[in-house]
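Subject: Structure for your review

Dear colleague,

Please find below the structure that I am handing over to you. My notes on it follow directly after.

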Amino acid sequence: MLRFKPSYLLVGLALSGYHLNSTAAGFALFEQGASGLGNAYAGASAVAEDASTIFFNPAGMTYLEGRQMVGALHLIKTTGDFDDRDSARAGTRPLGGEGGEIGSLAAIPNFYYKQDISDQLKIGIGVGTPFGLKTEYDKNWLGRFQAIKSELKTVNINPSLAWKLNDQWSFGFGVSAMWAQAELTSAVNLGAAESSINNKGKDWGFGYNLGAIYQVTPDTRLGLAFRSKVEQHLKGDARSPFTGLNAIPGRTLNTDITADLTLPETLSFSSFSRLDDRWDLLTDVTWTRWSQFKTLSIVRDNGSNSILGETQEHWNNTLRYSVGVNYRYTDTIKLRTGVAYDEEAIDNNHRTARIPGNDRIWLSLGASWQYSPQTKFDVGYAHLFIKEARIYDDQQSPAPGKGIIAGKYDGSADILSMQFTHQF
């Protein structure tokens, strides 16, 4: 029986032709607006600076007047490589190399639109990619029987509503329709020879998001935001050049398949304080429930209901901490900086080649230029320092086996974001 890792369903991006490794814990993407990148997304659910608040906290729309459109583009360059430390070959097959450069260049767009229904009621819609990751190794690398390519593309459509109760309280609600498409490839160990397998699947999943903002004083507000889980029931097919088992429905590598994946819920608490005429202070803590990612089963959908692969997971819930400051240099120019610490969901004992990430530190800079009363431009840059990630993944049994991946990963990421905001 083939055994595949749960990272079959690792996330890529579907709004452009480029791909990336995840820049946050697990396979989450924080890049949902460029104005917040300069602060490392500190204060994201409280700042309500533009319509990108639809994703971070829809209640923030009550702080915006009139009609507003936001378009953002994020360029993400990840670098990563594997350093072998006594890996073992799979059976009698050659060991292979270290996999080459597994990083890539990505371009992720976001779009938001918001308008007023009344002074108290606002509506809006956002489109983006909340999760994203792609890893791809050389086809002849030493871990090819465990992973070569892992990718899943998502698009999230998020219509939202906000209501201002009074001068202190605002509330928001949104629904999410998320499209996902997954692909995984790996080599297949046939003992005396090798083949390959490609698995693809897609689905629509649905969820919701809630938010509240409390205006503590005229200069300070607190934001609380929750995004629900989204359950994906992917349907697709597995295809392999090896056809020797095609006549056996419970063993064939060429079949329709299904796989369930739950994208996790998040809870964020943020603060925004205007300290004086020049300075703002922003903070954020975001919790993500990765622990419910426990098992991934790939099931043959050909009447046999047999398992093509199943893996038990040991993911952990994570916290992300960030703090940032703004400085109003002039009436039209605002400078930003921020730092964040982002925990990884996977520990050293359960890391796989499909998701080789680790804890990371964000250092961010940014600026806003109010070009006119109606138009604003934002730019932000962040460098992510990713902690060395060690791996020991023994899959030598059952025979003929997939070998042992032993070693460490080194990586980093750079993000450049640009945003155009226009008030109608």
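Val339 is partly exposed (20% to 50% relative accessible area, where under 20% is buried and over 50% exposed, with a 1.4 Å probe and protein chains only), because its relative accessible area is 32%. Val339 is placed in strand 16; strands (E, at least two residues) and helices (H or I, at least four) are DSSP runs numbered from the N terminus.

Please note that this is a predicted model, in which local features need pLDDT of at least 70 and side-chain atom pairs count only at pLDDT 80 or more, while totals for chains, interfaces and linings use all residues. Residues are numbered from 1 along each chain as its sequence is written, and side-chain values use heavy atoms, with hydrogens and water left out.

The average pLDDT (the predictor's confidence in each residue, from 0 to 100) is 91 for the chain, and 94% of the residues score at least 70. Residues 1–20 have a pLDDT below 50, although this stretch makes 111 contacts in the model beyond near neighbours in sequence; a contact means heavy atoms within 4.5 Å. Where pLDDT is low, the predicted coordinates should not be read in detail.

Turning to the interior, the largest nonpolar core has 23 residues, and those touching the most other members are Leu37, Tyr41, Tyr112, Trp362, Ala382, Leu384 and Ile415. Such a core is a set of buried Ala, Val, Leu, Ile, Met, Phe, Trp, Tyr and Cys residues joined through side-chain atoms within 4.5 Å. Helix 1 (53–56), strand 1 (68–84), strand 2 (105–116), strand 18 (375–394) and strand 19 (404–423) each supply at least two residues of this core.

There are 22 salt bridges in the structure, each being a side-chain nitrogen of Lys or Arg within 4 Å of a carboxyl oxygen of Asp or Glu. In one of them, Glu49 meets Lys376 at 3.3 Å, N to O. This pair links distant parts of the chain, with Glu49 in the segment before helix 1 and Lys376 in strand 18, 327 residues apart. Lys376 counts as buried, at 10% relative accessibility.

Another salt bridge joins Asp83 and Lys408 (3.9 Å, N to O). Since Asp83 lies in strand 1 and Lys408 in strand 19, the pair ties together parts that are 325 residues apart in sequence. Lys408, buried at 11% relative accessibility, also forms a salt bridge with Asp410, at 2.8 Å between the closest N and O atoms. A network of salt bridges links Asp83, Arg85, Glu388, Arg390, Lys408 and Asp410.

Yours sincerely
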